[in-house]
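Open your viewer and keep the selection panel handy. Each stop below tells you what to pick and what you will find there.

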Amino acid sequence: KQDASSLLQEVKPSYLEDAISTNDWDSNWFISFKGGVSSFCGKPIGCEDFTGRFKPLMNLSAGKWITPKLGLRVAFQGFTFKDCGETMADSHSSAFQNLHADLFFNLADYFHHGITEQPKWDFAPYFGLGLIRNGHTGAKPFAFSYGIFSRYMLCNRLHLSMEIGNTTTFQNFDGKGVNDKLGDHLLQGSIGLDFTIGHVGWKKIIDVRPY
């Protein structure tokens with residue numbers, strides 16, 4: 001008579017294809033520190049050209065990847081910008097602060113192999129809404145932020161991060177122009193590091209049908 005214990009065998013789980021768990025609150029958070037340059041382009045157009053208004057930029061953000069394709073973040077940009085004066089003597093630099101929430105869509109996920117693996121590259125257009133403040137005039141209009149966010153994995157929790165974007169707000173942000181039409185822009189480019197917090201990657205979902 002065969003021993004009942006010899007009939008017990010370990011069953012390896014099988015997983016659903018292209019399905020992941022997105023319910024883990026502590027997974028795939030990140031913080032980002034970047035530095036770069038910005039250039040203000042306003043309406044009416046001032047005397048200096050695009051490169052004549054380059055200023056240093058600080059870019060800080062924190063967010064979470066909800067799925068491999070979708071992410072959310074809160075971002076802050078600041079330092080100074082040079083407005084569009086009618087003459088070079090009339091143009092001056094002012095401090096600014098730009099706080100906005102963004103939604104980004106990772107196009108690189110379509111080319112990744114292995115849905116739970118940590119990919120080497122991410123390439124994500126983003127769009128967001130927030131407030132931008134002019135430290136000289138005190139103006140705080142609504143602003144639209146949009147651009148492209150990309151990063152390259154250096155190790156499991158560290159990425160080299162790059163970003164090119166623009167912030168569009170109303171024409172009177174720099175104190176020149178009308179207050180009910182869009183027309184002032186702050187173009188930005190920055191590079192820095194992203195740090196992943198919490199669990200890294202995505203959990204597979206077990207296929208219960210064999211059981």
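Start by selecting Phe81. Leaving aside neighbours within four places in sequence, the contacts of Phe81 are Phe40, Lys55, His92, Ser93, Ser94, Ala95, Phe96, Asn134, Phe173, Asp174 and Leu186. Bear in mind on this tour that you are looking at a predicted model.

Now add Leu57, Ile132 and Ala143 to Phe81, Phe40, Phe96, Phe173 and Leu186: these eight residues make up the largest nonpolar core. Another core lies apart from it; this one has seven residues, including Phe104, Ala124, Tyr126 and Phe149. As background, nonpolar side chains tend to be buried together in soluble globular proteins.

**The barrel**

Switch to a cartoon view. Eight strands form a closed barrel in the order S2-S3-S4-S5-S6-S7-S8-S9, and their pairing is antiparallel. From one strand to the next, the twist averages 25°.

For a look at one pairing, select residues 54-65 (strand S3) and residues 70-82 (strand S4): the two run antiparallel and are joined by nine bridges. Within this pairing, Gly63 stands opposite Arg73 of S4. Stay on Arg73 and show Tyr126 too: Arg73 lies over the face of Tyr126, 4.6 Å from the ring centre. There is a similar thing to look at with Lys69, which lies over the face of Tyr110 at 4.8 Å from the ring centre.

**The aromatic stop**

Next, show the aromatic side chains. Searching the whole structure gives 12 aromatic pairs. One of them is Phe30 with Trp65, a tilted pair with 6.4 Å from centre to centre and 40° between the planes. Phe30 lies in strand S2 (residues 29-41) and Trp65 in strand S3, so this pair ties together parts 35 residues apart in sequence.

Are these two rings buried or exposed? Phe30 is buried, with a relative accessible area of 2%, and Trp65 is buried as well, at 6%.

Keep Phe30 selected and add Phe104. Their ring centres are 6.2 Å apart and their planes are at 55°, so this pair is tilted. Here, too, distant parts of the chain are linked: Phe30 in strand S2 and Phe104 in strand S5 (residues 93-105) are 74 residues apart. Both Phe30 and Phe104 are buried. Add Phe149 to Phe30, Trp65 and Phe104 to see one aromatic cluster.

**Along strand S6**

Finally, select residues 121-134, which is strand S6, and find Gly130 in it. Colour the strand by face. The covered face holds Asp122, Ala124, Tyr126, Gly128, Gly130, Ile132 and Asn134, while Trp121, Phe123, Pro125, Phe127, Leu129, Leu131 and Arg133 form the uncovered one. Why the every-other-residue pattern? In a regular strand, side chains alternate between the two faces of the sheet.

Zoom in on Gly130, which is buried with a relative accessible area of 11%. Not counting residues up to four places away in sequence, Gly130 touches Leu99, His100, Pro141, Phe142 and Ala143. Of these, His100 has Gly130 as its bridge partner in S6. If you like distances, try the C-alpha atoms of Gly130 and Lys140: they are separated by 9.9 Å and lie 10 residues apart along the chain.

Last, bring back the strands on either hand. S5 and S6 run antiparallel with nine bridges joining them, and 11 bridges join S6 to the antiparallel strand S7 (residues 142-155). Your closing selection is Phe123, which stands opposite Ser150 in S7.

Notes: Residues numbered from 1 in each chain as written. Predicted model: local features only at pLDDT ≥ 70, side-chain atom pairs only at ≥ 80, totals over all residues. Heavy atoms only, no water. Pairing = 2+ DSSP bridges. Helix = DSSP H or I, 4+ residues; strand = E, 2+ residues; numbered from the N terminus. Axes fitted to C-alpha atoms, helices over the stretch in contact; angles between N-to-C directions. Phe/Tyr/Trp six-rings, centres within 6.5 Å; stacked < 30°, edge-to-face > 60°. Buried < 20%, exposed > 50% of the residue type's maximum accessible area, 1.4 Å probe, protein only. Lys NZ or Arg CZ within 6 Å of the ring centre and 35° of its normal. Core = buried A, V, L, I, M, F, W, Y, C linked by side-chain atoms within 4.5 Å. Contact = heavy atoms within 4.5 Å.
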